[in-house]
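Open your viewer and keep the selection panel at hand. This tour tells you what to select next and what is there.

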Amino acid sequence: MVTPMRRPQFIYKVASREIYEASLAAGRFVGQPIDLNDGYIHFSTAAQLKETIRLYFAGLKGQVLFAVPVAPFGEAMKWEASRGGDLFPHLHAELPMSSVTQMADLDVPADGIVILPEWVK
């Protein structure tokens, strides 16, 4: 028997400070290069976040981590197999920056190992 995946309340995104600030000015998330290339916004769950940061943001300063609730996006939020077959949240719609509930500056050391804010759950 397959156990359905329990959807988290929040998902998380890491973006450069420049992209985050441009998004605030635009009122919508303008997208990291990978989001623009793939045509949707990549997110991680709390359980996936540390590995995403380690793999894709190691050694990068001036990043921003932010949280977004899942529920408002309904069918536009797709749970698609990615790294290791794990289901990742991908938003196939515009992300209004008014949806961001938490934000923290993030400087990622060269080894990619970070201590996440306590609001990442």
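Which residue in the turn of the hairpin formed by E4 and E5 has a positive phi? Select Gly84: its phi is about 65°. Five residues lie between the two strands of this hairpin.

Some ground rules before moving on. This is a predicted model, in which local features need pLDDT of at least 70, side-chain atom pairs count only at pLDDT 80 or more, and totals for chains, interfaces and linings use all residues. Residues are numbered from 1 along each chain as its sequence is written, and side-chain values use heavy atoms, with hydrogens and water left out.

**Stop 1: the hairpin strands**

Select residues 77-81, strand E4. Strands (E, at least two residues) and helices (H or I, at least four) are DSSP runs, numbered from the N terminus. E4 pairs with E5 in the antiparallel sense, over five bridges. Two strands count as paired if DSSP finds at least two bridges between them. Now pick Glu80; its bridge partner in E5 is Phe88.

**Stop 2: the open sheet**

Next, show E1, E3 and E6. They form an open sheet of three strands, in the order E1-E3-E6, with antiparallel pairing. E1 (10-16) and E6 (102-106) stand at the edges with a single partner strand each, so one side of each has no neighbour in the sheet. From one strand to the next, the twist averages 20°.

Zoom in on E3, residues 63-69. E3 and E6 are joined by five bridges, in the antiparallel sense. Select Val64, and look for Asp105, its bridge partner in E6.

Add helix H1, residues 17-26. H1 packs on the sheet and touches E1, E3 and E6; contact means heavy atoms within 4.5 Å. The direction of H1 makes about 110° with that of E1. Then add helix H3, residues 46-57, which also packs on the sheet and touches E1, E3 and E6. Here the angle with E1 is about 15°. Axes are lines fitted to C-alpha atoms, for helices over the stretch in contact, and angles run from 0 to 180 degrees between N-to-C directions.

**Stop 3: the salt bridges**

How many salt bridges does the structure hold? There are five. A salt bridge is a side-chain nitrogen of Lys or Arg within 4 Å of a carboxyl oxygen of Asp or Glu.

Select Asp35 and Lys13. Their closest N and O atoms are 2.9 Å apart. Asp35 sits in helix H2 (residues 33-38) and Lys13 in strand E1, 22 residues apart. Are these two buried or exposed? Both are buried. Buried means under 20% relative accessible area, exposed over 50%, and partly exposed in between (1.4 Å probe, protein chains only).

Move to Glu94 and Arg28, a salt bridge at 3.8 Å, N to O. Glu94 lies in the loop between strand E5 (87-91) and E6, and Arg28 in the loop between H1 and H2, so the pair ties together parts 66 residues apart in sequence. Glu94 is exposed, at 53% relative accessibility. Arg28 is partly exposed, at 34%.

Return to helix H3 for Arg54 and Glu51, whose closest N and O atoms are 2.7 Å apart. These residues are three apart in the helix, about one helical turn. Arg54 is partly exposed at 35%, and Glu51 is partly exposed at 32%. Now highlight Arg17, Glu21 and Asp105: salt bridges that share partners join them into one network.

**Last stop**

Keep Glu51 selected and add Arg83. Their C-alpha atoms are separated by 9.9 Å, although their positions lie 32 residues apart along the chain.
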